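Colleague: I should like to go through this model with you and ask, at each step, what justifies the words that are used for it.

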Amino acid sequence: MTTTAPTPPAGVPDRIRHYIGGRFTDSVDGGTFDVLEPVGNTTYVTAASGQKADIDAAVAAARTAFEEGPWARALPRERSRVLHRIADLVESREDELAEMETFDSGLPISQSRGQARRAAENFRFFADLIVAQADDAYKVPGRQINYVNRKPIGVAGLITPWNTPFMLESWKLAPSIATGNSVVLKPAEFTPLSAQLWPGIFEEAGLPEGVFNLVNGFGESAGDALVKHPDVPLISFTGESRTGQIIFGNAAPYLKGLSMELGGKSPAVVFADADLDTAIDATIFGVFSLNGERCTAGSRILVQRPVYDEFVERYAAQASRVRVGLPHDPETEVGALVHPEHYEKVMSYVELGKSEGRLVAGGGRPEGFDEGNFVAPTVFADVPPTARIFREEIFGPVVAITPFDTDEEAVALANDTDYGLAAYIWTSDLRRAHTVAQAVESGMVWLNSNNVRDLRTPFGGVKASGLGHEGGYRSIDFYTDQQAVHINLGEVHNPVFGRDTSA
């Protein structure tokens with residue numbers, strides 16, 4: 001069947017523009033780029049293409065707001081009220097946001113609908129945290145008091161990805177703004193649509209002019225200029241590991257603060273004593289939800305040999321029943337990949353996998369979808385740990401299943417990767433669960449659960465999966481300078497040099 005391009009939802013602007021110093025604006029040089037929708041791969045809007053001059057203007061506006069405006073000096077309670085209003089406004093636009101995200105990114109509408117609630121929760125969480133936080137204080141009775149004073153750093157550069165773009169933008173915007181900084185946001189060029197909602201939300205909530213700035217464009221132009229700008233002391237980036245390496249190198253001469261959540265090739269370890277029904281349901285969802293375009297996807301499933309054959313058979317059958325469909329259909333479970341470039345990348349791994357493992361489900365376009373960026377949920381079994389589909393991040397609805405025998409082999413296979421973002425362990429043995437969790441090289445581990453987030457906990461990875469952590473107080477730490485203040489009580493206790501002893 002031919003998949004015709006969907007009609008843009010209500011609220012899509014005639015063009016996508018930058019937002020600098022409280023005003024929408026075009027690029028200084030007038031440059032634009034085409035934005036595609038992923039079902040028909042047709043251009044539905046043009047976006048301003050940011051260059052160094054646009055980043056310079058945005059940073060200047062943000063710096064002026066930080067140095068001269070009221071936001072950085074506002075009391076935590078005052079900032080908290082604004083953040084709660086932002087959360088209310090985000091929730092009130094849930095339907096509009098879901099339609100935009102689904103149209104722009106190809107995410108199933110059933111999964112886009114939760115993004116507004118999660119984005120609102122990010123703002124509520126940090127609105128409460130900045131009021132409730134207690135900084136360290138240390139006493140030496142009768143002699144000294146030491147305490148920590150936190151200060152906003154200045155202009156935060158935020159570079160966000162194209163998977164669940166609005167929610168992941170909120171994950172960075174909420175703590176950076178809550179702590180008193182001004183920001184320049186550079187959203188992903190594949191999915192710039194929903195970011196156009198932020199200016200209206202922030203204006204209505206009462207965020208002062210210039211605190212939030214938005215520059216659209218490509219990583220090698222707008223993103224590069226933001227990373228290299230001398231008046232941007234910290235960068236928070238989510239994206240692929242190779243881009244993170246480039247950012248690390250470009251930021252080094254300026255000694256910028258960096259927080260980078262990068263790629264992943266996360267293992268899901270299923271032991272023979274696991275509840276197979278639950279483990280299969282969870283690992284199906286863990287790799288095929290969000291079209292497989294998720295950094296924490298458990299895309300390497302390691303299964304203990306006594307249950308391996310049963311697991312593969314049942315997993316393949318269930319994966320074959322996952323419903324691929326048009327993103328706006330409420331029954332769709334896997335929609336269209338975000339962009340034809342990404343579709344070609346994922347399909348190249350599907351073809352490669354046919355020579356590296358045993359194809360047991362999927363393996364190409366789903367039936368009835370001759371056009372657009374649609375990939376059938378694909379499962380390879382008997383995949384050796386040397387295979388590229390075992391080792392490299394695919395970022396699509398493709399999974400590799402590999403057998404193991406012992407706990408030690410499971411840990412070795414789980415750690416046999418350059419990445420270390422997430423891991424999932426399924427077992428009824430509590431001692432084994434904790435022992436394996438501590439041995440796995442990953443920033444986050446879920447035991448008998450699937451990617452349940454607690455915003456108080458650190459989020460981030462090790463090895464090629466990232467640098468630093470955000471979430472809870474880790475976000476407060478990253479977006480503030482910590483100043484130690486020492487107060488002497490009573491007599492000053494210190495050695496004296498050069499005292500006149502002649503008297």
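Modeller: Let us begin with the open space. The model is a predicted one, and in it the residues that line the largest pocket divide into 17 nonpolar, 11 polar and 10 charged.

Colleague: How many residues line the largest pocket, and which lie nearest its centre?

Modeller: The lining of the largest pocket has 38 residues, and Trp 162, Glu 189, Gly 239, Glu 240 and Thr 243 lie nearest the centre. The volume of this pocket is about 920 Å³.

Colleague: Which helices and strands each supply at least two residues of that lining?

Modeller: They are strand S3 (32–36), H7, strand S10 (234–238), H8 and helix H11 (340–356). Among the contributors, H7 gives the most, with 5 residues.

Colleague: H7 and H8 both appear there. Why are H7 and H8 called oblique to each other?

Modeller: The axes of helix H7 (residues 219–228) and helix H8 (residues 241–251) cross at roughly 40 degrees and come within 9 Å. Angles under 35 degrees count as roughly parallel, and 65 to 115 as roughly perpendicular. The angle of roughly 40 degrees fits neither class, and H7 and H8 are therefore oblique to each other. The crossing of H7 past H8 is right-handed.

Colleague: Which residues make the contact of H7 with H8?

Modeller: H7 brings Asp 224, Val 227 and Lys 228, and H8 brings Ile 247, Asn 250 and Ala 251. By class, this contact has 3 nonpolar, 1 polar and 2 charged residues.

Colleague: What makes H1 oblique to H7?

Modeller: Helix H1 (residues 52–68) and H7 have axes that come within 8 Å and cross at roughly 45 degrees. That angle is again outside the parallel and perpendicular ranges, which means that H1 is oblique to H7. The contact is made by Lys 52, Ile 55 and Val 59 of H1 together with Ala 222, Ala 225 and Leu 226 of H7. These residues divide into 5 nonpolar, no polar and 1 charged.

Colleague: The angle between H2 and H6 is roughly 130 degrees. Why are H2 and H6 oblique to each other?

Modeller: An angle must be over 145 degrees to count as roughly antiparallel, whereas 65 to 115 degrees counts as roughly perpendicular. Helix H2 (residues 76–92) and helix H6 (residues 197–205) cross at roughly 130 degrees, with axes that come within 9 Å. H2 and H6 are therefore oblique to each other. H2 passes H6 in a right-handed crossing.

Colleague: What is the make-up of the contact of H2 with H6 by class?

Modeller: The contact has 8 nonpolar, no polar and 2 charged residues. Val 82, Arg 85, Ile 86, Leu 89 and Val 90 come from H2, and Trp 198, Ile 201, Phe 202, Glu 204 and Ala 205 from H6.

Colleague: Let us turn to enclosed space. How many cavities of 30 Å³ or more are there?

Modeller: There are 3 cavities of 30 Å³ or more. A space is called a cavity because a 1.4 Å probe fits there but cannot get out. The largest cavity has a volume of about 70 Å³, and the residues that line it include Lys 265, Arg 294 and Glu 393. Its lining has 5 nonpolar, 4 polar and 3 charged residues.

Colleague: What is the volume of the second largest cavity?

Modeller: The second largest cavity holds about 50 Å³ of space. It is lined by 13 residues, with Pro 267, Arg 300, Tyr 419, Gly 420 and Ala 422 closest to its centre.

Terms used
Residues are numbered from 1 along each chain as its sequence is written. This is a predicted model: local features need pLDDT of at least 70, side-chain atom pairs count only at pLDDT 80 or more; totals for chains, interfaces and linings use all residues. Side-chain values use heavy atoms; hydrogens and water are left out. Axes are lines fitted to C-alpha atoms, for helices over the stretch in contact, and angles run from 0 to 180 degrees between N-to-C directions. Helices (H or I, at least four residues) and strands (E, at least two) are DSSP runs, numbered from the N terminus. A crossing is left-handed if the near helix is turned anticlockwise from the far one by less than a right angle, and right-handed if clockwise. Contact means heavy atoms within 4.5 Å. Ala, Val, Leu, Ile, Met, Phe, Trp, Tyr, Cys and Pro count as nonpolar, Asp, Glu, Lys and Arg as charged, and the others, Gly among them, as polar. On a 1 Å grid over the protein atoms alone, a cavity is a set of points where a 1.4 Å probe fits but cannot get out, and a pocket is an open set with protein on both sides within 12 Å along at least five of seven lines; lining residues have an atom within 4 Å of a point. Grid points are joined across faces, edges and corners, and a volume is the space filled by probe spheres set on the points.
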